[in-house]
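Hello,

Here is the structure I promised to send over. Have a look at it first, and then read on for what turned up.

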Amino acid sequence: MLFVCMLMSFSVMAQDTKPKASPAAKAEGKIGDVNVTVNYSSPSVKDRNIWGGLVPYGQVWRSGANEATTVTFDKDVMVEGQKLAAGTYSFYTLPSEEEWTVIFNKKAKQWGTQYDEKEDALRVKVTPRKSGQMNERLKYDVTKEGLLLSWENLEVPVKITAGK
């Protein structure tokens, strides 16, 4: 019996060393005087059709993998000209070929597919653009202009400024 327990323990430990398909990632930075943190899981393209395929157009996407992507602002901000209070939000998008809806949802601690529209704090429209480079892994950047989601050959800029 002891041998079986030890064997099972080694098996579980061996599984933990295997790299995750969509590893956890973090983007941090400042927008004006606002500290911004994005926590997400970063899937790979892996020769898949991403936009309109793996990520269908016209359906809410968790904008990452696994747990919901979260965005934290330590002060109030303006997102595409609309006020959003300081706090931590889950971050979803509703992609289409020409325009995306970016969604900040009040329920931050959730699995990525548990989205409930009734919990939305803010929805804004943004325009995606072709990326200057291929991004095998999904990534977020905090820039002086706001957030930038990049994956495959696409970038989705979200204009954010310090709140007023």
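Which residue takes a positive phi in the hairpin of S1 and S2? The residue is Gly32, with a phi near 65°, in a hairpin that has two residues between the strands.

Before the rest, a word on the basis. This is a predicted model, in which local features need pLDDT of at least 70 and side-chain atom pairs count only at pLDDT 80 or more, while totals for chains, interfaces and linings use all residues. Residues are numbered from 1 along each chain as its sequence is written, and side-chain values use heavy atoms, with hydrogens and water left out.

**The chain as a whole**

The protein chain has one helix and ten strands (DSSP runs numbered from the N terminus: helices are H or I with at least four residues, strands are E with at least two). Along the sequence the pattern is α-β-β-β-β-β-β-β-β-β-β. Of its 164 residues, 40% count as buried (under 20% relative accessible area; exposed is over 50%, and partly exposed lies in between, with a 1.4 Å probe and protein chains only). The accessible surface comes to about 9,400 Å², and 53% of this belongs to carbon and sulfur atoms (Shrake-Rupley method with a 1.4 Å probe; for residues, only the protein chains shown count as cover). If you take the contacts between residues at least 6 apart in sequence, 56% of them join residues at least 24 apart (contact means heavy atoms within 4.5 Å).

**The six-stranded sheet**

Six strands form an open sheet in the order S1-S2-S3-S6-S7-S8, with antiparallel pairing (two strands pair if DSSP finds at least two bridges between them). Its edge strands are S1 (24-31) and S8 (120-126), each pairing on one side only. From one strand to the next, the twist averages 25° (axes are lines fitted to C-alpha atoms, for helices over the stretch in contact, and angles run from 0 to 180 degrees between N-to-C directions).

Starting at the S1 edge, S1 and S2 pair over eight bridges in the antiparallel sense, and Lys30 has Asn35 in S2 as its bridge partner. S2 in turn pairs with strand S3 (residues 70-73) over four antiparallel bridges, where Val36 stands opposite Phe73. S2 is mostly covered, with six of its eight residues buried. At the other edge, strand S7 (residues 100-105) and S8 are antiparallel partners over six bridges; here Phe104 has Leu122 in S8 as its bridge partner.

**The four-stranded sheet**

There is also an open sheet of four strands in the order S5-S4-S10-S9, again with antiparallel pairing. Strand S5 (82-84) and strand S9 (129-143) stand at its edges with a single partner strand each, so one side of each has no neighbour in the sheet. The twist here averages 45° from one strand to the next.

S9 and strand S10 (residues 146-162) pair over eight bridges in the antiparallel sense, and a hairpin of two residues joins S9 to S10. Across this pairing, Lys139 stands opposite Ser150 and Tyr140 stands opposite Leu149.

**Glu28**

Is Glu28 buried or exposed? Glu28 counts as exposed, because its relative accessibility is 56%. This residue sits in strand S1. Leaving aside neighbours within four places in sequence, Glu28 is in contact with Val36, Thr37 and Val142. Glu28 and Val142 are 114 residues apart in sequence, yet 6.1 Å apart in space, C-alpha to C-alpha.

**The largest pocket**

The largest pocket has a volume of about 260 Å³. Of the 17 residues that line this pocket, Asn39, Tyr40, Glu67, Ala68 and Thr70 are the closest to its centre. The elements that give two or more residues to the lining are S1 and strand S2 (34-41), and S2 gives the most, with three residues. On terms: the search uses a 1 Å grid over the protein atoms alone, a pocket being an open set of points with protein on both sides within 12 Å along at least five of seven lines, and lining residues having an atom within 4 Å of a point. Grid points are joined across faces, edges and corners, and the volume is the space filled by probe spheres set on the points.

Happy browsing, and best wishes.

Key:
On a 1 Å grid over the protein atoms alone, a cavity is a set of points where a 1.4 Å probe fits but cannot get out, and a pocket is an open set with protein on both sides within 12 Å along at least five of seven lines; lining residues have an atom within 4 Å of a point.
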